[in-house]
Amino acid sequence: MPQVSTIFSRWGFGFAAAATTLLMVAASAPSPFYPEFARQLGLLPVATTLIFAIYAFTMLTALLLTGALSDTVGRRPLISAGALLLALSILIFWQSGDLTMLLFARAFQGIAAGVLLPALSAMVIDFAHPRRAEAASLWNTISAMIGLGIGAITAAIALDLFANATDVVFGSLTITFVLISALVWTTPEKLRPVRTRIRHLLSKPAVPDHLRLPFLVAVPAVIAGWATNGMFLALGSSVVKEVFDATTHAQQSLAIPVFAISGIAASVLLHRKAARLVSVYGTSALSLGTALSVVALLSHSLPTYLISVAIIGTGFGTAFMGVLKSLMSRIDPDERASVMAVIYTVSYLAFGVPTLIAGVLIPVLSLHTTAIILGVVIALLGAIAAVWRARIRDRSRADAVE
């Protein structure tokens, strides 16, 4: 592996973390626009959730086809191509005037994210200091949460302040990802690209044999966390608007930054703790917080709902970080993107499927009732994940010492 100076390593690490943040800004920025699009285009709830969910499912396809590719061809080509594709998808979304174009744009955005996420996550690990390995799992967690929070609240504020909010938000994001596509070439490449046949390039992401048990132990935590994340991004603004009578876009999107900020704070506080402790805390907080959110929905109490969102946020951040802490230190450099692709495949299945189910249930049961039912299911799943993770001890010395 070529030697890289400390300055360039820091630049590579910072670039990868910042690009991950901006990728999640692009993922969450459309969320405050969904109620507006539904009103303007006369969309049914199932159409709104489909706009959201198609992103997850096209992303899954890209993860399965290209998730391991940067382990072979290098990080920079994949990130550059993915960023250009993401810029194109945002441009299409920006100019969309009907449901078909919105679906088309979100499908392209999902493909771009599926190309980018494993490569960027692996790049963060590539440039993390060897003596501060926990920095990779921390920044792979909080970069995503920072982006989710910033994207949602800034887009909501733009909707309240500007008549041309779509121009402000999506125009800025389009330019940003064109710049990222170019800037990635200023970072060092820590992997030597491997010459291989085309049919071997699209190798399926896989978990190495020695990581399969730890990965299976982590799966319930991943599902509980990302199902919660998906529900907040897809339905959070609509829930706050309809159940709690919020009037401005900023008020309707308030739950998303509360979710993100609490997750970032918990991740920073706990990132040096043992993976098992972090995971058990995260899944327990997901369960308890979601149960409290059901109480808030039943009582129509916005303060209680926001408190529950803060608890859930600490759970999502730490549950996902615990998974990364359990696995990342045991992965060889040329397997990192492949394993991250598998993790994100599970994540985005959990992210997209409940949202589609919600879209089907809302016209039948109402948004309020659907949110309560899904909340109960997620609370139970979080409790099962906490008990499951608590019963399995980590085997590596690094994980066993707090």
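This report describes the helices of a predicted model and how some of them pack.

**Overall make-up**

The protein chain has 17 helices and zero strands. Of its 402 residues, 60% count as buried. The accessible surface of the chain comes to about 16,400 Å², and carbon and sulfur atoms hold 68% of that area. Among contacts with a separation of 6 or more, 87% join residues that are 24 or more positions apart.

**Helix packing**

Two packed helices are described by the angle between their axes and the distance between the axes. The table gives these values for three pairs.

| Helix pair | Angle between axes | Distance between axes | Citation |
|---|---|---|---|
| α5 and α6 | about 155 degrees | 8 Å | |
| α6 and α15 | about 130 degrees | 8 Å | |
| α14 and α15 | roughly 155 degrees | within 12 Å | |

Helix α5 covers residues 75-95 and helix α6 covers residues 99-127, and the two pack at an angle of about 155 degrees. Because an angle over 145 degrees counts as roughly antiparallel, α5 is roughly antiparallel to α6. The crossing of these two helices, α5 and α6, is left-handed. By class, the residues in the contact of α5 with α6 are 20 nonpolar, three polar and three charged.

Helix α6 also packs against α15, at an angle of about 130 degrees. This angle makes α6 oblique to α15. Their crossing, that of α6 and α15, is right-handed. On the α6 side, the contact is made by Leu-117, Pro-118, Ser-121, Ala-122, Ile-125 and Asp-126. On the α15 side, the residues are Arg-336, Ala-337, Met-340, Ala-341, Tyr-344 and Tyr-348. The residues of this contact of α6 with α15 divide into nine nonpolar, one polar and two charged.

Helix α14 spans residues 302-327 and helix α15 spans residues 336-365, and their axes cross at roughly 155 degrees. That angle makes α14 roughly antiparallel to α15. The crossing in which α14 passes α15 is right-handed. Phe-320, Leu-324 and Leu-327 of α14 make the contact with Met-340, Ile-343, Tyr-344 and Ser-347 of α15. By class, the contact of α14 with α15 has six nonpolar residues, one polar residue and no charged ones.

Met-340 and Tyr-344 of α15 take part in the contact with α6, and Met-340 and Tyr-344 also take part in the contact with α14.

**Residues of helix α13**

Leu-298 is found in helix α13, which runs over residues 275-299. Its relative accessibility is 57%, so Leu-298 counts as exposed. Leaving aside neighbours within four places in sequence, Leu-298 is in contact with His-368 and Ile-372. The C-alpha atoms of Leu-298 and Thr-369 are separated by 9.0 Å, although the two residues are 71 residues apart along the chain.

Val-295 also lies in helix α13. With a relative accessible area of 46%, Val-295 is partly exposed. Its C-alpha atom is 9.8 Å from that of Gly-375, and Val-295 and Gly-375 are 80 residues apart along the chain.

**Helix α2 and the residue after it**

Helix α2 consists of residues 34-41. Its buried residues include Tyr-34, Pro-35, Glu-36, Phe-37 and Ala-38. Gly-42 follows α2 and has a positive phi, near 65 degrees.

Conventions
Residues are numbered from 1 along each chain as its sequence is written. This is a predicted model: local features need pLDDT of at least 70, side-chain atom pairs count only at pLDDT 80 or more; totals for chains, interfaces and linings use all residues. Side-chain values use heavy atoms; hydrogens and water are left out. Buried means under 20% relative accessible area, exposed over 50%, partly exposed in between (1.4 Å probe, protein chains only). Helices (H or I, at least four residues) and strands (E, at least two) are DSSP runs, numbered from the N terminus. Axes are lines fitted to C-alpha atoms, for helices over the stretch in contact, and angles run from 0 to 180 degrees between N-to-C directions. Angles under 35 degrees count as roughly parallel, over 145 as roughly antiparallel, 65 to 115 as roughly perpendicular and the rest as oblique. A crossing is left-handed if the near helix is turned anticlockwise from the far one by less than a right angle, and right-handed if clockwise. Contact means heavy atoms within 4.5 Å. Ala, Val, Leu, Ile, Met, Phe, Trp, Tyr, Cys and Pro count as nonpolar, Asp, Glu, Lys and Arg as charged, and the others, Gly among them, as polar. Accessible areas come from the Shrake-Rupley method with a 1.4 Å probe; for residues, only the protein chains shown count as cover.
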